Amino acid sequence: MVAILGYSRPQIIAAVQAMYGAVAATPDAPFHFPVGAEACRRLGYPTAQTAELPGETLARFAGVGYPFRAGAVRPGDRVLDIGAGAGNDALIARRLASPGGRVIALDLTAGMTRRLSDAIRRASIDDLDIVQGSAEQLPLPDGCVDSITSNGALNLVPDKRRAVAEMFRVLRPGGRLQLADVVIHRPVSVDCHEDPRLWVECVVGATVKEDLLALFEEAGFEEVRIVGEHDYFALSESPQTREVAASFGAHAIEVGMRRGEAAPSWVWRWRHRLDPRRAWRRVQRRGLLGLAALSLALLSCYGTLALVALLPLLGIGLALDEGLWAGTITLFVLLSLGALAAGLRRRVGPLPLMLGSLGGGLVLHALFVDYRALVELFGFTLLGTAVALDLRRRRRQEAQILGLDRTASGA
Ligand SMILES: C[S@@+](CC[C@H](N)C(=O)[O-])C[C@H]1O[C@@H](n2cnc3c(N)ncnc32)[C@H](O)[C@@H]1O
């Protein structure tokens with residue numbers, strides 16, 4: 001899921017501002033994510049670059065990687081840093097873009113932009129502009145920058161597709177983009193996804209890696225490549241954050257790319273979005289394989305029977321190959337059971353698989369041993385109940401890991 005549902009958006013923006021306002025005000029307070037000079041060093045920033053940064057901005061570093069690994073910023077560039085925070089990357093970009101370059105540091109949180117304003121005034125820096133604004137609606141004209149850098153911000157943006165479209169708009173054709181951000185292996189379910197507290201902890205708002213890369217390609221970026229990948233959350237002092245990150249496969253990546261000449265046609269974009277391999281991956285990662293297989297089993301069973309009954313009324317004859325029909329239903333029933341068995345690894349307990357096996361057994365008995373419509377229907381009902389139970393338990397377990405449902409026993 002790329003854009004969150006509308007109703008919780010203002011709360012998420014407010015939660016992001018409160019969290020990063022706190023980092024700006026009290027950087028030494030405990031946070032669940034790494035903050036400051038040590039984090040910067042461990043993420044791979046060379047000492048030669050950090051040595052020149054003011055102590056007050058370095059203490060407020062909250063990035064998730066080292067985006068400069070992608071090498072997007074060149075001398076003479078007009079650079080935009082999106083979600084600049086206290087401005088460390090903007091200050092590094094300023095050095096890389098000189099001579100003749102200029103940097104815009106944009107951030108949503110007033111506390112952060114105020115800190116950076118104070119720091120550059122004190123250092124008499126005049127080639128860095130500070131803008132308070134949103135990545136979803138950049139207050140800049142089309143094609144006005146040569147390169148964009150961003151570190152740890154996109155995972156916090158509610159509408160990522162819109163933010164990526166904005167990056168494409170303000171970057172000149174052929175311009176370069178470098179990004180460090182959090183990605184996940186397994187998406188978070190919608191109810192947990194909407195929780196503002198979880199959103200600001202950098203895992204829940206993150207996108208599945210392949211979906212994030214596809215987002216840039218669909219917007220018209222080319223040569224999208226991963227240049228670094230690392231276990232960012234291992235640096236977190238919070239055991240709960242480390243557990244949540246491990247459970248969703250959350251980690252950081254550094255990406256580089258180039259803006260194409262024009263945005264791709266909508267036909268190309270939709271073909272890309274509807275690619276069956278992507279759809280399959282999405283179903284799998286969302287834990288919906290059991291539901292999809294059950295739906296296909298029901299469709300091949302009762303859908304075929306309905307066709308066989310209805311088509312003659314339209315004057316179309318249809319001969320049913322009973323072997324093929326029963327084989328197809330069996331395949332989907334077994335696939336549902338396989339998905340329920342996979343739930344055992346997710347510690348949902350044996351009940352869904354036991355119930356599903358009983359239901360599947362009854363369907364197969366009706367198909368191959370002694371056909372009774374009621375037995376078959378009862379078998380499907382049991383299988384459906386098992387799939388629903390498995391989904392419910394997975395959701396509860398997810399909420400428990402995220403700390404949303406502390407009363408649940410993980411039953
Ligand atoms: C994880 S911090 C990283 C800050 C900085 N890039 C660094 O490396 O220290 C993310 C920053 O993104 C900003 N941010 C979050 N959502 C944003 C949005 N929608 N538009 C602009 N900035 C945003 C936050 O205010 C915060 O300062």
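This is a short talk on one chain, from its overall layout down to a few individual residues.

Hi everyone, thanks for coming. Please keep in mind throughout that this is a predicted model. Let's begin with the whole chain. Its secondary structure consists of 17 helices and 8 strands. Along the principal axes, the C-alpha trace spans about 85 × 50 × 35 Å. Of the 411 residues in the chain, 43% are buried.

On to the ligand. Which residues come nearest to it? They are Gly63, Gly83, Gly85, Thr109 and Gly152, out of 23 residues around the ligand. Two elements each give two or more residues to that shell, namely α1 (9-25) and α5 (88-97). By chemical type, the shell divides into 12 nonpolar residues, 8 polar ones and 3 charged ones.

Since α5 has come up, let's look at the loop between α5 and β2 (102-107), where Pro99 is found. The peptide bond joining Ser98 and Pro99 is cis, with omega about 5°. As a reminder, most peptide bonds are trans. That loop between α5 and β2 also holds Gly101. Is Gly101 buried or exposed? It counts as buried, because 21 C-beta neighbours lie inside 10 Å. For a sense of distance across the model, take Gly101 and His185: they are 84 residues apart along the chain, and their C-alpha atoms are separated by 38 Å.

Next, two residues for anyone who likes backbone torsions. Most residues other than glycine have a negative phi. Ser124, however, has a positive phi, near 50°. You can find Ser124 in the loop between α6 (110-122) and β3 (128-132). Ser124 has 6 other C-beta atoms within 10 Å, so it is exposed. Glu223 also has a positive phi, near 50°, but Glu223 sits in strand β7 (residues 221-230). Why does Glu223 count as exposed? Because it has 11 C-beta neighbours inside 10 Å, and the exposed class takes 12 or fewer.

Now for some helix packing. Two packed helices are described by the angle between their axes and the distance between the axes. Helix α10 (residues 209-219) packs with helix α12 (residues 266-273) at an angle of about 165°, and the axes are 10 Å apart. So α10 is roughly antiparallel to α12. The crossing of α10 past α12 is right-handed.

Let me pause at helix α14 (residues 289-310), which contains Ser300. With 20 C-beta neighbours inside 10 Å, Ser300 counts as buried; the cut-off is 20 or more, so Ser300 just meets it. Ser300 and Ile329 are 29 residues apart in sequence, yet C-alpha to C-alpha they are 6.1 Å apart in space.

I'll finish with helix α17, residues 373-401. How far apart are its end C-alpha atoms? They are 42 Å apart, and that agrees with the 42 Å that its 29 residues should span at 1.5 Å a residue. Which residues of α17 are buried? The list includes Gly379, Phe380, Leu382, Leu383, Gly384, Ala386 and Val387. Further along come Asp390, Arg393, Arg394, Gln397 and Glu398. When you look at that list, it helps to recall that an α-helix has 3.6 residues a turn, so residues three or four places apart point the same way. Among the buried residues of α17, you can step along Leu383, Ala386, Asp390, Arg393 and Gln397.

That's my tour, and I'm happy to go back to any of these spots with you.

Methods
Residues are numbered from 1 along each chain as its sequence is written. This is a predicted model: local features need pLDDT of at least 70, side-chain atom pairs count only at pLDDT 80 or more; totals for chains, interfaces and linings use all residues. Helices (H or I, at least four residues) and strands (E, at least two) are DSSP runs, numbered from the N terminus. The expected span of a helix is 1.5 Å times one less than its number of residues. A residue is near a molecule or strand if its C-beta atom, placed from the backbone, lies within 6 Å of it. Ala, Val, Leu, Ile, Met, Phe, Trp, Tyr, Cys and Pro count as nonpolar, Asp, Glu, Lys and Arg as charged, and the others, Gly among them, as polar. Axes are lines fitted to C-alpha atoms, for helices over the stretch in contact, and angles run from 0 to 180 degrees between N-to-C directions. Angles under 35 degrees count as roughly parallel, over 145 as roughly antiparallel, 65 to 115 as roughly perpendicular and the rest as oblique. A crossing is left-handed if the near helix is turned anticlockwise from the far one by less than a right angle, and right-handed if clockwise.
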